[in-house]
Amino acid sequence: MNALTLMTPDPTVVGRDETISHAAHLMKTLDVGMLPVVDNTEHRRLVGVLTDRDIVVRCLAEGHRIDCRVRDHMTADPLVTVHIDTGLREIADRMERYQVRRLPVVNKQMKVLGIVTQADLARHAGPDHPELIEEVLEKISTPGQL
């Protein structure tokens, strides 16, 4: 089992010059908590990710306006990704290490091909690897230092 068999293919992306308001509207419409951020929608080269938490913590909680640009509030470093041939164990390890629930799937040119989520792992790998799913959930959910 690898990223190609686990991923949701061809996800909606947002450009780095779009507004936070536009990105939030996309998230609401699509019922997603993360959008890959690309240099432009034609080439789809990944430059960051924007999560609902980024919007709240980096934009709204800091008193910024919703017409700010995605590039000002996205996560770009570290940019944690996987390739289509990345195996299940490595996907789980990256989610655990970086405490992320979603990983963009990219090719060698960093073009966005898909997204692998914690839910994808549970649906596709859970029946055969329940202990792995439990481990991922536990490590992702470990609280940060106060």
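## Two cysteines without a bond

Cysteine 68 is a friendly place to start in this predicted model: with a relative accessible area of 15%, cysteine 68 is buried. Cysteine 59 is buried too, at 0% relative accessibility.

How far is the sulfur of cysteine 68 from the closest cysteine sulfur? The distance is 4.4 Å, and the partner is cysteine 59. Seen from the other side, the closest cysteine sulfur to that of cysteine 59 is in cysteine 68. A disulfide needs the two sulfur atoms within 2.5 Å, so 4.4 Å is too far for a bond. In keeping with this, the structure holds zero disulfides.

## Helix 2 against helix 3

Cysteine 59 also takes part in a helix contact, so let us follow it there. Helix 2 covers residues 20–30 and helix 3 covers residues 52–60. Their axes come within 10 Å and cross at roughly 145 degrees, and the crossing is left-handed.

Which residues meet at this crossing? Helix 2 brings Ile20, Ala24 and Met27, while helix 3 brings Asp52, Ile55 and Cys59. Sorted by class, the contact of helix 2 with helix 3 counts five nonpolar residues, one charged residue and no polar ones.

## The open sheet

Next comes the sheet, which is open and built from three strands in the order 2-3-4, with mixed pairing. Strand 2 (14–15) and strand 4 (46–51) each have a single partner strand and stand at the edges, so one side of each is left without a neighbour in the sheet.

Strand 3, residues 34–38, pairs with strand 4 in the antiparallel sense, and five bridges link the two. Within this part of the sheet, valine 37 is found opposite glycine 48 in strand 4. Helix 2 returns here: helix 2 packs on the sheet and touches strand 2, strand 3 and strand 4. The direction of helix 2 makes about 135 degrees with that of strand 3.

## A glutamate in helix 4

Our last stop is glutamate 96, which sits in helix 4 (residues 88–98). Is glutamate 96 buried or exposed? Its relative accessibility is 11%, so glutamate 96 counts as buried.

What surrounds this residue, once neighbours within four places in sequence are left aside? Glutamate 96 is in contact with Arg89, Glu135, Val136, Lys139 and Ile140.

Definitions and conventions
Residues numbered from 1 in each chain as written. Predicted model: local features only at pLDDT ≥ 70, side-chain atom pairs only at ≥ 80, totals over all residues. Heavy atoms only, no water. Axes fitted to C-alpha atoms, helices over the stretch in contact; angles between N-to-C directions. Helix = DSSP H or I, 4+ residues; strand = E, 2+ residues; numbered from the N terminus. Left-handed = near helix turned anticlockwise from the far one by under 90°. Contact = heavy atoms within 4.5 Å. Nonpolar A, V, L, I, M, F, W, Y, C, P; charged D, E, K, R; others polar. Pairing = 2+ DSSP bridges. Buried < 20%, exposed > 50% of the residue type's maximum accessible area, 1.4 Å probe, protein only.
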